[in-house]
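Okay, thanks for coming, everyone. Let me put the model up on the screen and we'll walk through it together.

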Amino acid sequence: MSEQNIIEIQGVEKRFGSFVAVSDLNLTLKEGEFFSLLGPSGCGKTTALRIIAGFQDHEEGEIRIDGRTMGEVPANKRPTNMVFQSYAIFPHLNVGDNVGFGLRKTKFSRKEIKERVAEALEMVELGGLQDRKANELSGGQRQRVALARALVMRPKVLLLDEPLSALDKNLREAMQLEMRRLQQKLGITFVMVTHDQYEAMTMSDRIGVMFAGQLKQVDKPEVLYSQPCNREVASFIGGMNFLDAEVTAENAETLEVNVKGLGKMEIGVNPNVQVHDKELLVGVRPEQLEISAEKPDGYDALVQGEVSDVAFYGESVHYYVRVDGLKDSIAVAVPNYFHTVDHTRGDTVWLGVQSASVIDLGKRESLGGDK
Amino acid sequence: MTKAFRFSWLLVYAIAYLVFLYLPVLLLPLFSFNDGTIVAFPLKGFTLKWYAQLGQQDTLLQAMVNSLIVGSVTALMATSLGLFAARAYVRYRFTGRELSEGLVMLPLVIPGIIVASSMLVLFISIGLKPSLATVILGHVFVALPFSVSIMKSAFDDFDQSLEEAAFDLGESVVGTFRRVTLPIVAPGIVASLLVTFTVSFDEFVLAFFLSGNSPTLPVYIWSQIRFPAKLPNTLALGSLLLLSSVLLLLIAEYFRRRSIQSSD
C-alpha cells in the first residue's frame, strides 16, 4: 500500500426523491488498499459503489479517481472496473471472449489479447478454459471469470458488489483468502461492498460501516472491533453485551464509571466516541468474559448469575447468564478447548470482567429502539 | 354425479367444440385434392392439378410477391420498433410509460374495419395513394403489439447488469447494444419477425382498403372466390398458406421459448 490517494470522495450526496440513499459521503482511499463498505441491506453501500463506478449520478459533492475529477465522466471512461453481484457473465460468449471483451476496444492486437486473456485466466486458476461455454460454468467459476474479465483491463480500482454472496460457505471462505492474495499480488485498490462482517474483516485493510446512507466509522478491522464508535457499529460487528453505566468522574484518558450489574470501575476513553454523557453505554465482547462455577481471582468485577441458555457452536460454546438487576442475559463465549460443555441450564456461575475489556460506547441515546 | 360422468360430458363438449372450430379449416385442404370443380361430397378422386395450375397464374404470383414484400417490410419495421419500445418499457420508469404501452397494445382490440377506413381517409387526405406502402404502414400498426409483447418477454429476464458490465468494460452505448443486447435477445427478434410476418401475410381488411391496384394474397383470394371455376385453385392456395402459417408460428414459438431459456 502506498501513500498515494487513489480515490477521494468529498461530500457526495444521492437522493431518490425524498429518500436520501447516500448522505455527505467523505472517504479517501490509498493506492493498493483493500477497502470494504459494510452495512445492512438498504444502507446505501451499493449506491455508493455505483456512484464511484459511474453508473449512478449524484447531486452534490465530488469524486476524484487517480487525481482526475470524475464529474460527468461515464462508466466506460473511468479507470475502474466492476465485479457484479450476479457476475454478469455474457451468456452468448465463451470464457475467453468474456474475459477478452473489454480488450477488443483497446489497441491490442489479437495475439496480445489472447496472451492477456490466458494470463488473466491463469491468475484466477482457470487456465486453459478459454473455450468453455458460459452456461457450463459453476458458481465459483463464474465468479473467477468475472474477476478475470475486470482485472484483465488493469483498472486503477476494482469495484466488487457482494462478490461472494452467491457462493456456498466453504467456497466463499476459500475465495476470501484467494481474492485477498490476488489483491496483494497485483497491488490494485479493491473496493468491496458486503453485508457480511466476517468477509469484510478477513479481507480488508480498512472497513467503512454504513447505516441509513451515512458512513459511521472507517477503521482497520481490529479497531472497529475493539473501539466501535456507537451501538450500531458495535452490534453489527461481532457479538456484544450492552450495559448501562453512569460516569462518576471524567479524566483525560479514562472514565470512572458505575456499570449496572458489574459495579464501579475505571475504563479507557474510546477515541472514536464523539460525545460523552453522564449516562453512558458500555459493551463487553462475549469472549472477553470469564465464566466459572467457582469464584475466580484477579478480575476487576465479579458477578453471580444463573445460566439460562447454552448454545454449542463447535469451535466455541455460548452461555447466556441471567444476572439480577439486568434486563438482558449476558452472553459469554468460551473456546471449545477440551471438548466439554462445563455449565448447564440452571447452574449458578460467576462471571469475571477486566475493566480493560469494557468498551466505552458513548451516549446512551444511540441505544436505538430496545431500551 | 360421479366425477367420471362429469368428466366425460366435459370431454364430449370439448371435442364438439374443437370439431366445430377446426372442421371447416380441415375441409380446405381436403377439397384442394378433390378432382372436381364443385365443392361438395362425395369426393371425386385425388388430384394435384389445382396445385400445379397455381404456378401458371401471373396475377396470383404477383399478389404472392406483393404479400411477401409487405410481410417482410412489415416484419422488419414492427420488430425494430418493438425491440426499442420493449427495452424502454422493461428498463426504464418514465412518465407516460403505462399510457404509451396501452396505446401500443390498442390495435389488438380496435376493430380492423375502423382502423382500415380511418387510415384510408387519413392517407387520402394527406395525398398518399393506396399502394403497398400504405398497406405496410397499416400492417406495422397492427403487428406492433405482437412484436412489443414478444420482445418484452425477451427483455424481462435479461439481467440489466450484463449491459452495465459491457459499458463498464469500456464499450460504448451503441457497442454494448450491438455486442451484448442484440445477441442475447436474438431468439426473441427471430420470433417477432416470424409472428409479425404471419400477421401481415394473413391480414385482409386493411390490405383490402389500402392496397389499391396491387392486391396482396388474401385480397386476391377474395377476388377469386367470385369465380366458381377458380375455387379449387383458391382452395389449394389457401391450404398452402395455412400450412406455411402454422409452420412459421411453430418456428416462432420455438425461438420465443429459446429466448426465455437462454436469458436465465
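I'll start with the overall picture of one chain, then go through a strand, the core, the contact between chains, a helix and a couple of odd backbone angles.

Just keep in mind that this is a predicted model.

So, chain A. Its C-alpha trace spans about 75 × 50 × 40 Å along the principal axes. You'll count eight helices and 20 strands in it. Of its 371 residues, 40% are buried. And here's something about how the chain folds back on itself: take the contacts in chain A with a separation of 6 or more, and 67% of them join residues 24 or more positions apart.

Now zoom in on strand 3 of chain A, residues 34–38. Is this strand enclosed or open? Well, five of its five residues are buried, so the strand is largely enclosed by the rest of the structure. Look at the side chains: A:Phe34, A:Ser36 and A:Leu38 point one way, while A:Phe35 and A:Leu37 point the other way, and all are buried.

Which strands does it pair with? One is strand 8, residues 189–194 of chain A, in the parallel sense, over five bridges. Another is strand 9, residues 206–211 of chain A, also running parallel, with four bridges. If you want one residue to hang on to here, pick A:Ser36. Opposite A:Ser36 in strand 8 of chain A is A:Met192, and in strand 9 of chain A its bridge partner is A:Ile207.

Okay, next up, the core. The largest nonpolar core has 155 residues, and the ones that touch the most other members are A:Ala148 and A:Val282. Which element gives the most to this core? That's helix 6 of chain B, residues 132–156, with 13 residues. The core also draws at least three residues from each of two domains of chain A, domain 1 (5–226) and domain 2 (231–367). Who does A:Ala148 touch, once we leave aside its neighbours within four places in sequence? Its contacts are A:Val99, A:Ala120, A:Leu121, A:Met123, A:Val124 and A:Leu126.

What about the place where the two chains meet? The contact takes 17 residues from chain A and 16 residues from chain B. On the chain A side, they divide into 10 nonpolar, five polar and two charged.

Let's do a quick sanity check on a helix in chain B. Helix 5 there covers residues 112–125, which is 14 residues. At 1.5 Å a residue it should span 20 Å, and its end C-alpha atoms are 20 Å apart, so the two agree. After that helix comes B:Gly127, with a positive phi near 85°.

That one is a glycine, but chain A has positive phi values in other residues too. A:Asp24 has a phi near 45° and isn't a glycine. You'll find A:Asp24 in strand 2 of chain A, residues 19–30. A:Tyr87 isn't a glycine either, and its phi is about 75°. A:Tyr87 sits in the loop between strand 6 (80–83) and helix 2 (95–99) of chain A.

So, are these two buried or exposed? A:Asp24 has 14 other C-beta atoms within 10 Å, so it counts as partly exposed. A:Tyr87 has 25 other C-beta atoms within 10 Å, so that one is buried.

That's my tour, folks.

Conventions
Residues numbered from 1 in each chain as written. Chains lettered and ligands numbered in written order. Predicted model: local features only at pLDDT ≥ 70, side-chain atom pairs only at ≥ 80, totals over all residues. Helix = DSSP H or I, 4+ residues; strand = E, 2+ residues; numbered from the N terminus. Buried ≥ 20, exposed ≤ 12 C-beta atoms within 10 Å, placed from the backbone. Core = buried A, V, L, I, M, F, W, Y, C linked by C-beta atoms within 7 Å. Domains from an automatic or database assignment. Contact = placed C-beta atoms within 7 Å. Nonpolar A, V, L, I, M, F, W, Y, C, P; charged D, E, K, R; others polar. Pairing = 2+ DSSP bridges. Expected span 1.5 Å × (residues − 1).
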